[in-house]
Amino acid sequence: MKFCVLAKISKRTVSFWYQSDSNPYAPLKMKESNEIPLYFYVNGNDFIFGAAARERFYKNDPHAYGNYFEITKDPSKHFIIYGNKKPVKQLFYYGIEQYLSHFLNTVLYKADSIESYRQQFPLRFLFDDDIEDNEKSLIETLFQEAGYFNLDRVGYNHTLFNILAQKQVLPNNKAILLMNGIDDVLYLKLYKNIKADVLGSAKLVGQGADPRVKILADMIVEYIILQNSYLSINKENEISFLLPFCAGLLQNINPIINGEAELSDGNRYWFNIKGKNLNDRLHYYANDGMIFRAIDDLLKVNNLSADNVMILLGSEEINTLYFSEKLLKKYHHVVALRPLDVKDTMQSIFQEIASINYSVKIKAPTAAPVITRPPLPTPKPPPPLPPKKESGAPKSVNIPKLPELKVPQSTKNNSVKPPPLPPKKS
């Protein structure tokens, strides 16, 4: 059976998809969801990855770990499993491999352990915009050192641009500014064209959402704190965590916005917000200038005008009518990414993986480039070198030539005898 598992990695979560025998790709779920919060719990031989570990982390359990990409910066941090001391960076490896074992047992119905599949297991990583290059290398190195050789990184944006070009959403001759909001951080990447050649990038903290989304998240957190005064939470972190949830709420806004909001610790709390209060707060929001300046700086550095750039809104936190209308007042071409575009892009990625038989293309070692140069002029012969001087010998000493001694050819066992001595005087 041919198959592949793809893991999308961000700072907070890991999401899993799979494909087998060229069937349509599907989310790889454990329990209810294919999205797993990036928390770990290790105690003795017990290893937990996901929501249950997050619950223990927020109860200050010393055996629970969160903020993975931060704690890996400290090489002294470690955990103990099966009696062995391991650096904390290997938590991620143990967590992902637990999920891969689940895939083998429940999807492929294999009773074998993951150890016998590592070398050939088709594993692909899709890194979100909030993962730095050194963090990508860290993850890939962990699995390569563990023996995963059928491992590769997915070029998501390149495939996305090709899909949108086929749908005539993106033209071939314009630059593309892709904007993504993650945890209230706005990521901007400027591409030369649909071939996904990066020209520049920027990151704006606190600007990763439609202002209404962020204001609603702020109001929900305030409401929860007011109704549950015993809670001790980090307000800014919870606002960032609620942004995707609030973006969904604003798709169908009502005069009264209510429901249950899940905070970062996994606990749910009731809230009730008036739509009028949300609009009243919006009138006092005037922080759009930072985004406009960042866009203008990127275009100016790369000698581009607004007419030659397509702005693509890539995440649901900024993919709103309010946000796009704000941009359209200054920039001429703004397009929002649709859920169907994301689905088609993922389908194209898995089709490409299947087309090469679920294997990584092994690159042959490239020979050194041959550099052609014009012929050099024929060099003149160098002047003769002076005779080599022996160290410690006098400069000019005439040594008389000794008479040549003819010695008969001797065999291996015969030696040459010296001439007889003169008779001894009495």
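These are a few informal notes on two helix pairs, one helix face and two loop residues.

1. Before the details: this is a predicted model, where local features need pLDDT of at least 70, side-chain atom pairs count only at pLDDT 80 or more, and totals for chains, interfaces and linings use all residues. Residues are numbered from 1 along each chain as its sequence is written, and side-chain values use heavy atoms, with hydrogens and water left out.

2. Take H8 (residues 275–282) to begin with; helices here are DSSP runs of H or I with at least four residues, strands are E runs of at least two, and both are numbered from the N terminus. Its buried residues are Gly275, Leu278 and Leu282, buried being under 20% relative accessible area, exposed over 50% and partly exposed in between, with a 1.4 Å probe and protein chains only. Down the axis of H8 these residues fall within an arc of 55 degrees, so they line one face of the helix. The arc is taken from the directions from the helix axis to the C-beta atoms.

3. What sits over that face? The cover of the buried H8 residues includes helices H6 (211–227) and H10 (321–328) along with strands E15 (256–262) and E16 (268–274); contact means heavy atoms within 4.5 Å.

4. H6 packs on H8 at about 120 degrees, with the axes 10 Å apart. Axes are lines fitted to C-alpha atoms, for helices over the stretch in contact, and angles run from 0 to 180 degrees between N-to-C directions. The pair is therefore oblique, the class left over once angles under 35 degrees are called roughly parallel, over 145 roughly antiparallel and 65 to 115 roughly perpendicular. From H6, Pro211, Arg212, Ile215, Leu216, Asp218, Met219 and Glu222 meet Asn277, Leu278, Arg281 and Leu282 of H8.

5. The other pair is H5 (residues 156–166) with H11 (residues 339–355): their axes come within 9 Å and cross at roughly 115 degrees. On the H5 side the contact uses Tyr156, Thr159, Leu160, Ile163 and Leu164, and the H11 residues they meet include Val342, Met346 and Ile349.

6. Two backbone oddities to look at. Tyr109 has a positive phi near 55 degrees without being a glycine, and Asn303 likewise has a positive phi of about 55 degrees. Most residues other than glycine have a negative phi. Tyr109 is in the loop between H3 (90–106) and E10 (123–127), while Asn303 is in the loop between H9 (289–301) and E17 (309–313). Tyr109 is exposed at 68% relative accessible area, and Asn303 is exposed at 72%.
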